[in-house]
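Student: Please take a close look at one chain of this model, and keep to that part. I would like its sheets described, then a few individual residues, with the cut-offs stated.

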Amino acid sequence: MNPITKQKLTLRTAFIAGIFSCIVCIIMLLNYWQLRQSDPLESKLMENLVQQLENDRQNEALKEEIRNLDLMARKAYFTKQWQIRAGGYLLVGSMVVLVFALRIYYSTSSRIAEPDPSDIPLKTELLISRRWILSLIILLFGMALIAAFLSDDHLARSYELVGREPSIEENAVEEITVRTRLEPDPSADIKMDASREVLTDNITDETGTTPTEDEKVREEISESIPGGGTNRTSAPSAEEITRNYPSFRGPFGLGISRHTNIPVDWDGPSGKNIVWKVEVPMQGYNSPVIWDDHLYFTGADQNIQVVYCYNRHSGQQIWQHPVSDIQRPSGNLPKPTDDTGFAAPTVATDGRYIAAIFASGDVVCLNREGSRQWGKNLGIPDNHYGHSSSLILWRDLLLIQYDDNSAGKVMALDIKTGNEKWSTVRKSKISWASPVLVQIGDQFELILSSSPQVAAYNPVTGKEIWAVECLSGEVGPSPAFSDGIVYATNEYATLIAIEPGSPPEILWESNEYLPEVSSPVAADGLLFIGTSYGVIVCYDAGNGDILWEHECDQGIYASPIIVEGKVYVLDMDGKMHIFKKDAVKTLLGEPELGEATVSTPAFADGNLYLRGLENIYCIGSK
Amino acid sequence: MKNLYKIIAVSGGILISVMVFAQQRFPRPDFESGYQVPSPTAPEPRSASIEIIDVILLFAALSLVTWFVLKKRSRKGILYTTLFSMIYFGFYRNGCICAIGAIQNVTLALFDPGYAISFTALAFFVLPLLFALFVGRVFCGGVCPLGAIQELVILKPISIPVGLQKALSLIPYIYLGLAVLYAATKTDFIICRYDPFVGIFRMDAPYHMLILGGSFILLGLFIARPYCRFLCPYSVLLNWMSSSSWKHLSITPAECIDCKLCENSCPVDAINKPVSEPVSSSRDVRRFLLLVVLVPFWVLIGGYIGSKAHIYLSRANHTIQLAEMLITNPEVRNDPENLDVQAFLTSGKTLDELINEAELIRENFNTGGWWTGGFLGLAFGLILTGKTLFRNRKDYTPDKGNCVSCGRCMTYCPVGTPGYEMLIKKEIESDN
Amino acid sequence: MEKENKTKGQKRREFIQKSTRYSLLIGLGGLTGLVLPKTRTGDWVWQIDPFLCTQCGRCADECVLTPSAVKCVHAYDLCGYCDLCGGYFKPGVTDLHTGAENQLCPTSAIQRSFIEEPFFEFTITEDLCIGCGKCVKGCSSFGNGSLHLQIRHDRCLNCNQCSIARNCPSDAIKRVPAKQPYNIKGDFTKS
């Protein structure tokens, strides 16, 4: 071929290929930019339409619209994929043609290179090279030094910023100072506590300022209370706690009550042995709690949250405290399901304060008179049923199990100020169980049940003591404890007996009858559970053998409580199944309330209190 | 690091054993209609036996280019081998694994007891270096797919001013140092991540990498082999090997007649011209000695700066990033959009554990910073020293370290061509 | 021409070159020797550990390939064959039909077919699946966890450093031997 024709041909080809490449390149860039603006698979419009449909389920036209939009979105997505792929091949192809043509063009028009007329002497070249190299080295090292000096070592500052380690001693110190300012408490367990206090006694001397601060706080508290009633300012002893019914499933959440003269017979519809009955002022599945003469519970819906205090003898409302002005972080409020509601967790009290938590993540602390001490939001729980874990109040620490879909957490707040004393992230999924506080030897352990593990934490420091991975699914039942053994269970998972220790030991497991919501209770070698399909089972707590079973007509959500040698199991129809706490099945009575119930009963000497869906009942001899 | 993997392995094991039994919320159905439960498909990856073909082809291509460079002296042969390499190692094998990335694999094998390098990766690392030690950078000339794609798009290579060239040629050392540092601390494979051409070979990449690749190609039209000369970390190693190679590409088949025809033929400016100046003066010798003595100081300065910068460098590590974020911005725990933080919070690991891990990694970076900085100090010091003395040279020879054995210069040399032979014959005849 | 009579300088230079060459050879050999005991024939491939996966959705975005080499795999022997499939339906649907407004999967890659009362089979069309993990999240929250994400090796390029692995928030993607390239849940893996 004529070289000139060859030249012309290749040049023209190159030109066309070049233009083609540019066009394809621009199209692909536009395509990319369009994709960045709106990914067809995640359109806001679609989300909005689906939201609308949720509120308006029967709208056929809306459904059609959504389906068409979805089809278009999917088509758009796959078409884009195909377009990008095709565009890529076209671009590469045309670039190859372009380069090839240009190479041939340049090879046909190549000439012998002329030598450089101005030859730089080698020494100069070397000099120039050295200068440039040196400049670059200095530039590089300079940049590195600047970067080095501008970067803070955040890790080394982690002690100040997130307060690692030193917090343990702080807690112990504050605890001591509270105790040492008291008149000696007559109850027996001071000796029990003294052993722990001795260990940390020496620290008190170093923090001279704390006692005076504590005094000031006490003065503030005594000022705020108008006077009258038991005006204690120190945390109640364990013995006092067991004389009351201060949290979900009784003292420490163990399901065992020390009260006496509990009735075994009543009838709701006829009013037999019903001392008083009042309407539940606001919906809530939480169980009532009692301290001295006060009965506390809460109710809430999506707008209002209220804490109530009633006189337990007369049924009169003493006060109610709305909780509405707590600052919440941004985010959607949870939408609890109807069978959980906005006020599922039970309040906790210690005679001085009442702490309540709601599905919104709001925690509030009130005093006996109903005045707010503090309120805060712990972060909106990502909980698809609704936050349900109840609170435990112990020695100025408000212990909160806060497991949601984003993280498993357990924390302790100072009951007087609401400040976080410790917070421990747990290896757990979301849970609806409540914590229990047990004493093993001279140490207290806070036991939490969730999937996948049952774990024990030191309630003062928050450090994990032991954990056993044994559960799965959505854990509703809280643990039980008796004679040093922890019992944990969940439906479709297992019923397991764990001996705490390092390492903890699994004593036995059973999966014949498993509760879904109701928590087990154990005492004196016997373990009682109530299942959602209505079977009450008594196990031998030592080896897991089934001693007896009883079938009810209705499922059981409330937790069984052991009191006065009897087991009280409340089914969802309001019928209380009372058995003797014995290895032999002895049914003592099945009094009916005449109203649906899911909340666990509360006990006091001579009385028991039931919260139905509509009314609260006080049962006892009139 | 070992502990981290242990923790993951053990907790993974526990989780698996618990979950396999206890995951079933809904028990497996008993089918009455005779329905058979199907099995999921499991398409096999590329067979291991095919991997060995890659190594064989690598060896074959290297040998072929060696033959073309040393024996046949055929630029066309090298070109066609380059084309084959681009198609096979580049487009067919998607440019992965390549010898450049293999540096990281070897580093990881040395520093991570839990990683066993695959034979292919080791072969890809060692073979080109071995060949370079004996016959020069034949890998660059005809086998490396990245070099191939740059080679094939060279149109009108222009010469870069010498100072700029020498300064930019320091960058591969930095790239090598950082690549080894990040690979050794298991942070990242930066060579793979920032490879501009792999996106073109794969025909799929994040858009910014495709644009980077395109820019390199466009640049490569006029500045020959920009990645090879100014970025490739493997070129540092090849340079060392090739500088003391036994045999090397020579421009002339016999002796150089100083015709100057090849002077501007090298696209990468790797031809050393004859030097007619007198030998180094005493001043030059003194300068040389001074720079030699300064080398240890360069090493110390480099090491010191490297260790000072270790905090900044370590921020590329994911664990450290996470730990720092949780420390400085604890409110990020409540952010449901931040997937890394949420995953950490549900992992069951405490912040304490994370911070301990991060501190360990920081320590590694501190040591690594000393080594990397020291290495860079040494390299820069030696390069600077090397630019003082020189030797008289009578011939045009390729710089053994920088020449990529592409063979272009060979086509420019008249010695040995029929036309030249005829000219010589005519001269001899006219003399007689 | 003067090659026969090498000067002292040239001889010295050649000696230095030779010794450098041999030291480099020894160095290279030493390095190879250090690394050889840690060599394995047979390659590594990348795979997701379905128990560590948090279904964040990055698998669909971070893979260098489009669509991603990560696909959802169904471990049929773990499936409950439920009518109300947590991985198929959006949470909160009351009317169980296959309309677009009910489906979780953005590309409609899951097919629901009736087997017998009350069981339904759910199969995944791999060409449509983009590996976003929405169905996996639903299945592991409300179901048996039989749907899980896996890297498919007929598509995966086996990059030296997996881009998804680099971005996985729970470090769920690791190197596994090419001989056992999958972590599929259930009895299938045991067979």
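Tutor: What follows deals with chain A, starting with two sheets and ending with two residues.

The model is predicted, so local features need pLDDT of at least 70 and side-chain atom pairs count only at pLDDT 80 or more, while totals for chains, interfaces and linings use all residues. Residues are numbered from 1 along each chain as its sequence is written, chains are lettered from A and ligands numbered from 1 in the order in which they are written, and side-chain values use heavy atoms, with hydrogens and water left out.

One open sheet of chain A has four strands, in the order β3-β4-β5-β6, with antiparallel pairing. Strands are DSSP runs of E with at least two residues, numbered from the N terminus, and two of them pair if DSSP finds at least two bridges between them. The edges of this sheet are β3 (289-291) and β6 (317-322) of chain A, each pairing on one side only. On average, neighbouring strands here are turned by 25° against each other, direction ignored; the axes are lines fitted to C-alpha atoms, and angles run from 0 to 180 degrees between N-to-C directions. Within the sheet, β4 (residues 294-300) of chain A pairs with β5 (residues 305-311) of chain A in the antiparallel sense, over seven bridges. In β5(A), the residue opposite A:T298 is A:V307.

Another open sheet of chain A is made of five strands in the order β1-β27-β28-β29-β30, and its pairing is mixed. Its edge strands are β1 (256-257) and β30 (587-589) of chain A, each with pairing on one side only. Strand β1(A) runs parallel to β27 (residues 561-563) of chain A, and two bridges join them. For A:S257, the bridge partner in β27(A) is A:V563.

The edge strand β30 leads to the next residue. A:S599 lies in the loop of chain A between β30 and β31 (602-604). A:S599 is buried, with 2% relative accessibility, where buried means under 20% relative accessible area, exposed over 50% and partly exposed in between (1.4 Å probe, protein chains only). Its side chain makes polar contacts with two backbone oxygens: the one of A:Y285 is reached at 3.0 Å, and the one of A:N286 lies 3.5 Å from a polar atom of the A:S599 side chain. A polar contact is a pair of N or O atoms within 3.5 Å; within protein, one must be able to donate a hydrogen and the other to accept it, and residues adjacent in sequence count only if both atoms are side-chain atoms. Not counting residues up to four places away in sequence, A:S599 touches A:Y285, A:N286, A:S287, A:A558, A:L570 and A:R611, contact meaning heavy atoms within 4.5 Å.

The other residue sits in a strand and has neighbours in two chains. A:V425 belongs to strand β14 (residues 420-426) of chain A. A:V425 is also buried, at a relative accessible area of 12%. Leaving aside neighbours within four places in sequence, its contacts in chain A are A:G408 and A:K409, and those in chain B are B:R333, B:L345, B:K349 and B:T350. The C-alpha atom of A:V425 is 9.4 Å from that of A:G462, which is 37 residues away along the chain.
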